[in-house]
Amino acid sequence: MNKLNYLKEIEDISDKIKKGKIFSSTEVVINSIKAVEKLLINSSSIEFLKEIYPIAIKKLINSRRTSALLLNSLRQITETLVYSIKEVKDLEEVKMIISDKVREIEKNIKETNKIVAHIASNRILDGDTLLVYSYSTILKETISYALSEGKNIKIYIPESRPGGEGIVFAKELSKIADVTLFVDSAIRYLIKDVDKVFTSSEAIAANGALINKVGTSLLALISHEARVRFFSLAATTKFYPETFLGELVELNRVSLKIEDEGRDLVGKINAYSPLFDVTPPEYIDAIITEKGLIAPQAVVMIIQEIYGWPPKIPSLEFEFKKLKEVI
Amino acid sequence: MKIRGAGRIARAAAQGLQIAAYNYRGDNAEDFRQYINGIAEYLRSTRPTAVSLPNAIIFILHRLSMALSDNVDELKEVVIKSANEFIEYSKKATDNIGVIGAKRIKDGDNILTHCNSSAALSVIIHAFKEGKKIKVYNTETRPKFQGYITARKLLKVGIKTTLITDSAVRAFMKKIDKIIVGADTVAANGAVVNKIGTSQIALAAKEANVDFYVAAETYKFSPATVLGEYITIEERSPKEVIRNIEVPSNIIIRNPAFDVTPPEYIDAIITELGIIPPQASILVLKEHYGWAIRDYLLKELSIDE
């Protein structure tokens, strides 16, 4: 097999991520780390990894620059790879260590999400009408917990163009709860019926700004105007330490599909949408993490807790250099 | 919903009365008046939100009630002539709005518009024809994608346009210099009823300090609101929202067609008479519909008696 074939799967997944075809940010990460695991397992020699591994990792990261969880998870795998090659040298053993690491990351993500969902469900009161946005496994868990505690809740969901994640989420949630679906434009009209807004997160920047599915910032602004509480769920692995060093997060952009009634316009007009937008911290009432509920302005405290002060953030480039050295 | 746009709806209503008058067979003046009033009631009930429709009707009915003749042919003539008068006025009004509104547009402006409004397009196209290099961003306008109609009209005159999702308006706001939308109804306090999504665009504009203009002919101002009448927001078929997708029947689908933008988010309303702050809407109403407001009042009083 040549190098291109090895990268084929990574490329397929990167493409899907880039176009927003994988809805949940957790799923994006789990799919990515499994693809990396597969790449390693299929490798015939350690030498071979020297070139191809950094290419694969960079491809995945570039497919979604916004995902801090993706960056953090791939960094963990890379660190483990460098360490294991240095220590054991035997390819088969390295493969086993990496597989274990991938399992561990996956398990951690799921367990952490569970804690976040539990804490978030405490914020839900009996009789609440909740507006949730986009598609999120962690939000579904939160709602399930609240329902299992016997709380009577109603769910409002905007469709969330251009991806239509809200429609998919509405279908799933309709199996467990009362769901009302509407177009994104109707949020301000319907916000008066809503008690609380919950969103998931793609990433949280050092200043507490939330990066999430496009439309979130408009929703937050509307909630703020209507004095409806706005909560964002984010495990601390979604905190983006690089932004502390001033790095700007690059937002993916997708072209808009023009429906049949506008077929004549295809190719004649620009039609596009960012996949994400940025919600300023002042519109967020709280970020709900596995460590508890915090004000967005306190994100920097958690970054300090994890990465020290001033934060020491290991760069991937540095890890790649080390990788070349140990190989 | 085959006829879109408040102006076209109003003209269609005027035309409806015109045709009804033309087709009337009979020679009793009182019967003719009742017949026209009946048609008017029917036309009124077709679109509860658009005020242009009742305004077109009261424009004609008022002239009919002022005509003292007992001759059916003369009364028919009154209806046909005043309908023509309304249609001509309303067509000219949209063009005048373009001339006046274009003065607000600067060379190089990026303009955002929502849905498909003849009055808003009139402003944009006038500015473009004056040689101002402008770029337009327009929302796709779910659920019915009227943004496509707007894009098509702009394309026809050669204006560069970018279609964006309704959810992305805040994300795009930094690129935008001015926003121009149309109106279905302007209330007495200057609040504007327009296509669903307008009020959240206005909110995002306010936050970013981007000018927000409403282009509205005076026949979109609602005399009934002066007397405190509440504007009913139509909710339309769920099918518009979900289109070809199957969804479980227990999902409730809300589809409000319009929303209300409060006057404090509107920088100005561009009318065919000039540009006014939204709070001055009552001036337009008193000036143009003083008699209509009186009519409404009399009606209400007679009910009380």
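**Exercise 1.** Which residue in E11(A) is the bridge partner of Phe231(A)?

*Solution.* The model is predicted: local features need pLDDT of at least 70, side-chain atom pairs count only at pLDDT 80 or more, and totals for chains, interfaces and linings use all residues. Residues are numbered from 1 along each chain as its sequence is written, chains are lettered from A and ligands numbered from 1 in the order in which they are written, and side-chain values use heavy atoms, with hydrogens and water left out.

Step 1. Take the strands, which are DSSP runs (E, at least two residues; helices are H or I, at least four), numbered from the N terminus. Strands pair if DSSP finds at least two bridges between them.
Step 2. E7(A) and E11(A) run parallel, joined by 3 bridges.
Step 3. The partner of Phe231(A) is Ala286(A).

**Exercise 2.** Follow E11(A) to its other neighbour, then place both in the sheet.

*Solution.*
Step 1. E11(A) and E12(A) run antiparallel over 3 bridges. They form a hairpin with 2 residues between them.
Step 2. Ile288(A) stands opposite Leu293(A) in E12(A).
Step 3. Ala286(A) and Ile288(A) point one way from E11(A), Ile287(A) and Thr289(A) the other way, and all are buried (under 20% relative accessible area; exposed is over 50%, partly exposed in between; 1.4 Å probe, protein chains only).
Step 4. The open sheet has 8 strands with mixed pairing, in the order E12(A)-E11(A)-E7(A)-E4(A)-E1(A)-E2(A)-E3(A)-E8(B).
Step 5. Its edge strands are E12 of chain A and E8 of chain B.

**Exercise 3.** Find where chain B joins the sheet.

*Solution.*
Step 1. Strand E3 (residues 178-182) of chain A pairs with E8(B) in the parallel sense, over 2 bridges.
Step 2. Leu181(A) stands opposite Ile253(B).

**Exercise 4.** Describe the largest nonpolar core.

*Solution.*
Step 1. Define it: buried Ala, Val, Leu, Ile, Met, Phe, Trp, Tyr and Cys residues joined through side-chain atoms within 4.5 Å.
Step 2. The largest core has 133 residues. Ile155(A), Phe198(A) and Ile179(B) have the most contacts inside it.
Step 3. Helix H3 (residues 52-66) of chain B gives the largest share, 8 residues.
Step 4. Apart from this core lies another, of 48 residues, including Leu69(A) and Leu323(A).
Step 5. Now zoom in on one residue. Ile179(B) touches (heavy atoms within 4.5 Å) Leu112(B), Met173(B), Ile201(B), Ala205(B), Val210(B), Asp211(B), Phe212(B) and Tyr213(B), not counting residues up to four places away in sequence.
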